[in-house]
Amino acid sequence: MPVKRDYYDVLGVSRTATDAEIKRAYRDLARRHHPDVVGASDKGAAEVRFKEINEAYVVLSDAQRRVQYDRFGHADTQGTPNFGDFAPFGDLFEAFFGSGQRGRTQPQRGADLRYDLSVTLDDVMTGAEHEISFTHLGRCDVCAGTGSADKSAPATCPQCRGSGQVRSMRNTMLGQFVTTGVCPRCGGSGGIITDPCKSCRGRGRRELKKKLSVKVPAGVDEGTRLRFAGLGEAGERGAPSGDLYVFLAMEPHDIFERDGADLHCDTDVSFTQAALGARLEVEGLDGPAALELPAGTQGGTRFRIPGRGLPRFRASGRGDLIVDINVVVPSRLTRKQRELLETYAKAGGEEVQEPNLFKKVKRALGNE
């Protein structure tokens with residue numbers, strides 16, 4: 001009498017395999033080693049292998065039998081399947097044909113829509129209202145979404161008699177199997193439209209243009225998503241409509257850059273303003289802002305003006321206006337300006353280089 005292989009080895013699973021793993025392994029092996037699948041030359045070996053696979057699965061798929069097998073192995077023959085046993089009918093059927101769909105196909109909810117709206121910093125500062133327009137699949141107002149010219153409900157499908165499913169029979173080595181699938185005539189809905197609406201061609205939906213007023217909240221963040229329930233595409237045959245999502249994107253500004261609720265900008269000051277200090281009027285997004293520039297301010301110095309940024313979204317208060325200082329050096333000087341700067345430089349012990357033009361004039365006069 002041949003020695004039986006370990007059932008776990010037969011299915012190629014570990015001894016800690018779950019029921020789902022055992023079932024999955026069985027279905028894969030059953031499809032690959034079925035005698036009707038392999039060639040005629042290997043049919044005898046395939047039958048032996050197929051029965052071995054079934055025998056292992058019958059034991060390991062049964063909780064009580066598996067416990068007994070784990071304790072006693074093949075020595076415990078009580079309840080062990082004999083040569084003619086097959087795996088549970090449902091599992092064997094599913095291994096070859098898969099699980100069939102049941103019941104009518106439910107009408108699908110309408111698809112969600114996305115609209116990208118560009119907003120400016122001025123919109124964010126004060127809040128704004130924009131009118132948008134878009135095209136979507138809306139409910140056909142001619143047939144009220146029924147798809148029928150007379151607005152009546154679909155008639156019962158004569159092929160599936162309203163079930164949305166049709167049955168077919170297959171012959172296998174185990175006998176005849178009846179399978180169910182989606183009705184090809186009604187697409188699983190169970191009903192057909194005998195007199196389709198000409199406006200939507202029986203679909204109950206058609207392309208429509210829609211306008212919508214969108215309120216942009218003050219202080220809104222970049223990438224904020226505004227949801228408008230039920231304003232997406234219409235659902236099939238009375239199913240709920242999808243939603244419209246408006247995504248907000250910031251347009252770049254010529255002067256300011258945004259960092260959350262803060263605004264950043266640059267401002268140019270002269271050498272004398274930086275050296276002596278000055279009271280500046282900086283242009284803010286909502287009007288001028290005062291800035292006290294201390295004497296001796298260096299280029300690149302950053303100043304913060306509290307409360308002159310953007311409103312905080314869903315919070316109180318405003319961000320700050322952050323100003324970076326650029327010290328501008330004049331590219332051309334008048335004679336008087338140069339003389340004063342030379343005097344300043346000499347007072348500080350700096351050596352001043354004369355322009356080439358002055359050197360040429362001195363040579364011509366014989367002063368050098």
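**Entry 1. N54 and its surroundings**

I began with N54, which is buried at a relative accessible area of 1%. The model I am reading is a predicted one. I located N54 in helix 3, which covers residues 43-60. I then asked which side chain N54 contacts through polar atoms. The partner is Y26, whose side chain makes a polar contact with that of N54 at 3.0 Å.

**Entry 2. The chain as a whole**

I next recorded the overall figures. The chain has 368 residues, and 34% of them count as buried. I noted 9 helices and 15 strands as its secondary structure. For contacts between residues at least 6 apart in sequence, I found that 63% join residues at least 24 apart. The exposed area of the chain is about 23,200 Å², of which carbon and sulfur atoms supply 49%.

**Entry 3. Aromatic pairs**

I looked up how many aromatic pairs the structure holds. There are 4. I examined Y8 and Y69, which form a tilted pair with 6.2 Å from centre to centre and 45° between the planes. Y8 belongs to helix 1 (residues 7-11) and Y69 to helix 4 (residues 63-72), so I logged the pair as a link between distant parts of the chain, 61 residues apart. Both Y8 and Y69 are buried.

I turned to Y26 again, this time for its ring. The rings of Y26 and Y57 are stacked, because their centres lie 4.1 Å apart and their planes meet at 10°. Y26 sits in helix 2 (residues 19-33) and Y57 in helix 3, so this pair ties together parts that are 31 residues apart in sequence. I found Y26 buried, and Y57 buried as well.

I also recorded one aromatic cluster, formed by Y7, Y8 and Y69. On a separate ring, that of F247, I noted the charged end of R114 sitting over it, 3.8 Å from the ring centre.

**Entry 4. The two ends of helix 4**

Having met helix 4 through Y69, I inspected its ends. At the start of helix 4, a side-chain oxygen of D62 comes to within 3.1 Å of the backbone nitrogen of Q64. After helix 4 comes G73, and I read its phi as positive, near 65°.

**Entry 5. Strands 14 and 15**

I asked which side chains of strand 14 are buried. In this strand (residues 302-305) F303 and I305 point to one face and are buried, whereas R302 and R304 point to the other face and are not. I set this beside the general rule that side chains in a regular strand alternate between the two faces of the sheet.

Strand 14 runs antiparallel to strand 15 (residues 321-328), and 4 bridges join the two. I traced R302 to its bridge partner in strand 15, which is D324.

In strand 15 I also looked up V327. Is V327 buried or partly exposed? V327 counts as partly exposed, because its relative accessibility of 31% falls between the 20% limit for buried and the 50% limit for exposed. Its C-alpha atom is separated by 5.1 Å from that of V269, although the two residues are 58 apart along the chain. Setting aside residues up to four places away in sequence, I listed what V327 touches: V269, S270, F271, A274, T297, Q298 and G299.

**Entry 6. Q108 in its loop**

I found Q108 in the loop between helix 5 (89-97) and strand 1 (113-119). Q108 is partly exposed, at 47% relative accessibility. Where does Q108 stand relative to E236? The two are 128 residues apart in sequence, yet their C-alpha atoms are 5.4 Å apart in space. Apart from neighbours within four places in sequence, Q108 is in contact with G235, E236 and A239.

**Entry 7. Positive phi at two arginines**

I closed with two residues other than glycine that have positive phi. R161 has phi near 55°. It lies in the loop between strand 3 (155-156) and strand 4 (165-172). I noted R161 as exposed, since its relative accessibility is 74%.

R201 has phi near 60°, again positive in a residue other than glycine. I placed R201 in the loop between strand 6 (191-192) and strand 7 (205-216). R201 is exposed, with a relative accessible area of 72%.

Key
Residues numbered from 1 in each chain as written. Predicted model: local features only at pLDDT ≥ 70, side-chain atom pairs only at ≥ 80, totals over all residues. Heavy atoms only, no water. Buried < 20%, exposed > 50% of the residue type's maximum accessible area, 1.4 Å probe, protein only. Contact = heavy atoms within 4.5 Å. Areas by Shrake-Rupley, 256 points an atom, 1.4 Å probe, with all protein chains shown as cover. Pairing = 2+ DSSP bridges. Polar contact = N/O pair within 3.5 Å; in protein donor to acceptor, adjacent residues only side chain to side chain. Phe/Tyr/Trp six-rings, centres within 6.5 Å; stacked < 30°, edge-to-face > 60°. Lys NZ or Arg CZ within 6 Å of the ring centre and 35° of its normal.
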